[in-house]
Amino acid sequence: MRTTHATPPAPSGDADGPIDGPIDGAVDSNPAPGGHSVRSRSQHQRRKRIVQAAAALASRGGVEAMQMRTVAERAGVALGTLYRYFPSKMDLVVAVVGEEIDLLESSIERRPPGAATPASRAVDVLMRATRGLMREPELADALIRSLIMAEVQTPFGDRMTGLLLRVSADGLPIEDAGEEQLDLAGSLASVWVQELLEMLRGRRTYDQIQRRIETAATRLLADI
């Protein structure tokens with residue numbers, strides 16, 4: 001999914017203090033002409049720097065390396081500013097997970113799976129995701145373990161389920177899917193997460209994961 005976590009240098013003056021004004025699209029009651037869009041863009045860029053900094057640290061030392069003060073220093077923002085965007089480390093982990101899924105979805109849009117069967121298309125997506133994550137096993141391990149122990153709601157399961165539905169059921173949006181379709185796609189996503197964790201523990205090879213995912217997809221998506 002990603003190949004590097006280079007963090008762009010912070011603009012001068014960015015770490016001087018907390019955010020002025022609303023965060024990420026909140027409404028400014030007295031916006032200056034043309035200033036609101038500039039401010040929103042600046043806040044979006046600042047948030048992106050923070051997430052990239054957190055991902056870069058996790059890719060080298062796991063979640064333990066994602067200390068909030070260290071992330072703030074690497075992103076070039078004040079610690080108070082970081083907490084305005086992400087009140088806890090788990091919120092930051094969730095944001096990194098979201099970016100990983102964004103990258104996967106962009107890859108799928110650029111190069112959709114062309115296999116003939118729903119199961120084969122789903123396997124294509126999941127193995128593509130596996131290859132992307134395993135380029136940075138420390139980051140993958142950090143994300144998967146954190147999601148399993150998450151105390152905050154994460155978008156990971158729903159987004160992977162939605163992605164599997166789109167590629168296996170002819171573009172079916174998750175909001176239009178039936179309960180059984182959601183259960184089948186969600187179960188396949190859960191199998192993949194468990195197999196990926198086993199691979200990170202050294203108990204599975206890539207080929208073993210692919211074979212097991214192919215078996216699960218064939219059974220689960222036969223009638224989707």
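# Exercises on a predicted helical protein

Arg-166 forms a salt bridge with Glu-105, and their closest N and O atoms are 3.3 Å apart. The model is a predicted one, and the exercises below start from this pair.

## Exercise 1. Placing the Arg-166 pair

Task: Determine which helices hold Arg-166 and Glu-105, and state how far apart in sequence the joined parts are.

Solution.

Step 1. The criterion is a side-chain nitrogen of Lys or Arg within 4 Å of a carboxyl oxygen of Asp or Glu. The closest N and O atoms of Arg-166 and Glu-105 are 3.3 Å apart, and the two residues form a salt bridge.

Step 2. Arg-166 belongs to helix α7 and Glu-105 to helix α4, so the pair ties together parts that are 61 residues apart in sequence.

Step 3. The accessibilities are then read for each partner. Arg-166 has 36% relative accessibility and counts as partly exposed, while Glu-105, at 17%, counts as buried.

## Exercise 2. Extending the pair to a network

Task: Identify which residues are linked with Arg-166 and Glu-105 in a network of salt bridges.

Solution.

Step 1. A salt bridge joins the side chains of Arg-159 and Asp-102, with an N to O distance of 2.6 Å.

Step 2. Arg-159 lies in helix α7 (residues 156-168) and Asp-102 in helix α4 (residues 89-110), so this pair ties together parts 57 residues apart in sequence.

Step 3. Arg-159 is partly exposed at 22% relative accessibility; Asp-102 is partly exposed as well, with a relative accessible area of 39%.

Step 4. The network of salt bridges links Asp-102, Glu-105, Arg-159 and Arg-166. In the model as a whole, the count comes to 10 salt bridges.

## Exercise 3. Two partners with opposite labels

Task: For the salt bridge between Arg-203 and Glu-198, decide whether each residue is buried or exposed.

Solution.

Step 1. The side chains of Arg-203 and Glu-198 meet in a salt bridge of 3.6 Å, N to O.

Step 2. The cut-offs needed are under 20% relative accessible area for buried and over 50% for exposed.

Step 3. Arg-203 has 52% relative accessibility and therefore counts as exposed. Glu-198 has a relative accessible area of 10% and is therefore buried.

## Exercise 4. Describing helix α7

Task: Compare the span of α7 with its expected value, and list the buried residues of α7.

Solution.

Step 1. Helix α7 has 13 residues, and the distance from its first C-alpha to its last is 18 Å, close to the 18 Å expected at 1.5 Å a residue.

Step 2. Its buried residues are Phe-156, Met-160, Thr-161, Gly-162, Leu-163, Leu-164, Leu-165, Val-167 and Ser-168.

Step 3. Just after α7, Asp-170 adopts a positive phi of about 55°.

## Exercise 5. The surroundings of Arg-128

Task: Establish whether Arg-128 is buried or exposed, and which residues it touches beyond four places away in sequence.

Solution.

Step 1. Arg-128 is located in helix α5 (residues 118-134), and its 7% relative accessibility makes it count as buried.

Step 2. Not counting residues up to four places away in sequence, Arg-128 touches Ser-107, Ile-108, Arg-111, Pro-112 and Pro-113.

Step 3. One of these residues, Arg-111, has its backbone oxygen 2.9 Å from a polar atom of the Arg-128 side chain.

## Exercise 6. The nonpolar core

Task: Name the residues with the most contacts inside the largest nonpolar core and the helix that gives the most to this core.

Solution.

Step 1. The largest nonpolar core comprises 62 residues, and Ile-50, Val-71 and Trp-192 have the most contacts inside it.

Step 2. Helix α8 (residues 179-200) gives the most to this core, contributing nine residues.

Step 3. With neighbours within four places in sequence left aside, Val-71 is in contact with Ile-50, Ala-53, Ala-54, Leu-57, Met-66, Leu-82 and Leu-92.

## Exercise 7. The whole chain and its confidence

Task: Summarise the secondary structure of the protein, and locate a stretch where the pLDDT is below 50.

Solution.

Step 1. The protein contains nine helices and zero strands. Of its 224 residues, 44% count as buried.

Step 2. Among contacts with a separation of 6 or more, 71% come from residues 24 or more positions apart.

Step 3. The average pLDDT is 80, and 80% of the residues score at least 70. Over residues 2-32, however, the pLDDT is below 50; this stretch has 69 contacts in the model beyond near neighbours in sequence.

Note on methods: Residues numbered from 1 in each chain as written. Heavy atoms only, no water. Helix = DSSP H or I, 4+ residues; strand = E, 2+ residues; numbered from the N terminus. Buried < 20%, exposed > 50% of the residue type's maximum accessible area, 1.4 Å probe, protein only. Core = buried A, V, L, I, M, F, W, Y, C linked by side-chain atoms within 4.5 Å. Contact = heavy atoms within 4.5 Å. Polar contact = N/O pair within 3.5 Å; in protein donor to acceptor, adjacent residues only side chain to side chain. pLDDT = per-residue confidence, 0-100. Expected span 1.5 Å × (residues − 1).
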